[in-house]
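Trainee: Could you take a close look at the surface of this one with me? I'd like one connected story about the side chains there, and about how charged ones pair up.

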Amino acid sequence: MEQQKIQISQAIIWISSVFLGILSSVPQLASHAFNWKEAVVNSAITAAFSVIMWYANIYMLNRYAGKRTQHISYSRLLIILAFGMVIMFGLAWLQQLILSHINFGPVMLMVEVRGILINLVCYMFLTLLQNNYTGQQIQLELEKVKSDNIGAQYELLKNQINPHFLFNSLNTLKLMAETNDEETVDFIIKLSDFYRFTLESRKLDLISVQEEMKIVGAYLFLQKARFGEGITFTNDLEEKITQTLIPPFTLQLLVENCIKHNIVSQSKPLHIKIYNTSDQIVIENPVQRKAATEDSLGVGLDNIKMRYKHLLEQNITIYSDEEIFQIKLPLIHEYHHH
């Protein structure tokens with residue numbers, strides 16, 4: 001991103017120059033020997049010098065706009081001061097031609113000092129303005145880099161698929177094929193549906209809860225083919241809740257998390273329940289801890305936390321004791337990206 005060039009309103013340049021011209025003649029107005037011709041010429045000379053220095057300083061600073069710095073360049077300051085002294089000398093000489101009766105020496109010293117002060121004010125003001133522009137651009141670039149980084153991280157989150165699930169599903173399919181299980185075709189269809197949902201949903205930030213429950217249904221069918229009656233699932237979501245939004249695979253990951261970290265067996269079935277309150281979706285299961293849990297490979301609660309934080313700047317609620325484990329997700333009725 002190139003550094004933004006300084007742009008000053010023409011009205012500001014001319015009005016401020018006229019004001020400085022008038023201000024320079026105030027001492028003469030208070031003098032007993034007031035000469036209106038001297039006052040007009042003095043004001044005109046000062047205003048003309050101010051206009052010239054405005055444009056000279058703007059040109060000088062914009063010429064080096066590509067070199068991004070946030071400090072005062074003393075070399076440029078000396079150059080612009082020297083240029084201003086030459087210009088003021090020329091204007092003082094012009095003043096001497098118009099008002100030949102005045103003493104050139106003292107007048108020359110006075111106008112040069114005045115010119116240096118005006119030049120310094122213009123240079124410092126424009127330098128501070130340019131530094132402000134530079135600071136804003138740097139901040140914008142940092143925000144863009146931060147946003148791109150978060151966006152890349154979020155894309156990684158959306159693209160995460162647990163390879164263990166695929167391997168387990170293929171092993172289950174192999175076993176079903178070898179035993180001529182009558183549900184083999186249904187299993188293949190559900191496995192295909194699940195990965196079709198994965199490909200379709202990975203491009204989206206949010207989908208409806210109704211669509212998410214289709215993913216959960218396909219996932220549970222595949223898991224029940226592996227665990228049989230070791231898993232039971234109860235869906236008590238109200239119809240209106242199914243029209244709200246949710247990050248894709250949120251509920252599926254939570255169901256997967258339940259299975260991954262709890263004992264699932266025919267003798268000790270795992271009961272997973274999903275329902276809603278007035279402002280949350282709740283998924284819960286009894287705690288049946290395994291002696292050794294599987295590696296989550298970064299998929300699960302951390303994934304969901306980061307997605308809610310990235311998309312909505314909201315947090316999920318986690319409750320756990322010795323008997324029950326609950327995850328509460330805030331309802332999303334509409335989506336405005338931050």
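**Side chains at the surface**

Mentor: Start with the greasy part: Phe89, Trp93, Leu94, Leu97 and Ile98 together make a nonpolar surface patch of about 500 Å². Keep in mind throughout that this is a predicted model. Phe89 sits in helix 4, which covers residues 74–98. With a relative accessible area of 43%, Phe89 is partly exposed. That clears the bar for a patch, because a patch member needs over 30% relative accessible area and no salt bridge.

To put the patch in context, the protein chain exposes about 19100 Å², and carbon and sulfur atoms supply 61% of that. On the other side of the ledger, 42% of the 338 residues count as buried.

Now for a patch of another kind. Asp181, Glu182, Glu183 and Asp186 gather into a negatively charged patch on the surface. Asp186 belongs to helix 7, residues 184–201, and is partly exposed at 38% relative accessible area.

Next come the charges that do find a partner. Side chains of opposite charge can pair when their charged atoms come close. Searching the whole structure turns up six salt bridges, and three of them are worth walking through.

Take Glu211 and Lys214, whose side chains meet in a salt bridge at 3.2 Å, N to O. Why can these two reach each other? They are three residues apart in helix 8 (residues 209–227), so about one helical turn separates them. Both ends have some access to the outside: Glu211 is partly exposed at 34%, and Lys214 is partly exposed too, at 43% relative accessibility.

Lys273 and Asp236 tell another story. Their side chains meet in a salt bridge at 3.9 Å, N to O, and this pair ties together distant parts of the chain, with Lys273 in strand 4 (residues 270–276) and Asp236 in strand 2 (residues 231–236), 37 residues apart. It counts because the cut-off is within 4 Å. Again the partners are partly exposed, Lys273 at 32% relative accessibility and Asp236 at 40%.

Then there's Glu256 with Lys260, a salt bridge in which the closest N and O atoms are 3.5 Å apart. Here the spacing is four residues within helix 9 (residues 250–261), which means about one helical turn between them. Are these two buried or exposed? Glu256 is buried, and Lys260 is buried as well.

For a view from a buried spot, try Ser43, in helix 3 (residues 36–63). Ser43 counts as buried because its 15% relative accessibility falls under the 20% limit. Setting aside neighbours within four places in sequence, Ser43 touches Gly21, Ile22, Ser24 and Ser25.

Zooming out, the chain's secondary structure comes to 10 helices and seven strands. Among contacts between residues at least 6 apart in sequence, 76% join residues at least 24 apart. The link from Lys273 to Asp236 gives you one pair from distant parts of the chain to look at.

Conventions. Residues numbered from 1 in each chain as written. Predicted model: local features only at pLDDT ≥ 70, side-chain atom pairs only at ≥ 80, totals over all residues. Heavy atoms only, no water. Helix = DSSP H or I, 4+ residues; strand = E, 2+ residues; numbered from the N terminus. Buried < 20%, exposed > 50% of the residue type's maximum accessible area, 1.4 Å probe, protein only. Patch = residues over 30% accessible without salt bridge, like charges linked within 9 Å, V, L, I, M, F, W, Y side chains within 5 Å. Areas by Shrake-Rupley, 256 points an atom, 1.4 Å probe, with all protein chains shown as cover. Lys, Arg positive; Asp, Glu negative; His and termini not counted. Charge placed at Lys NZ, Arg CZ, Asp CG, Glu CD. Contact = heavy atoms within 4.5 Å.
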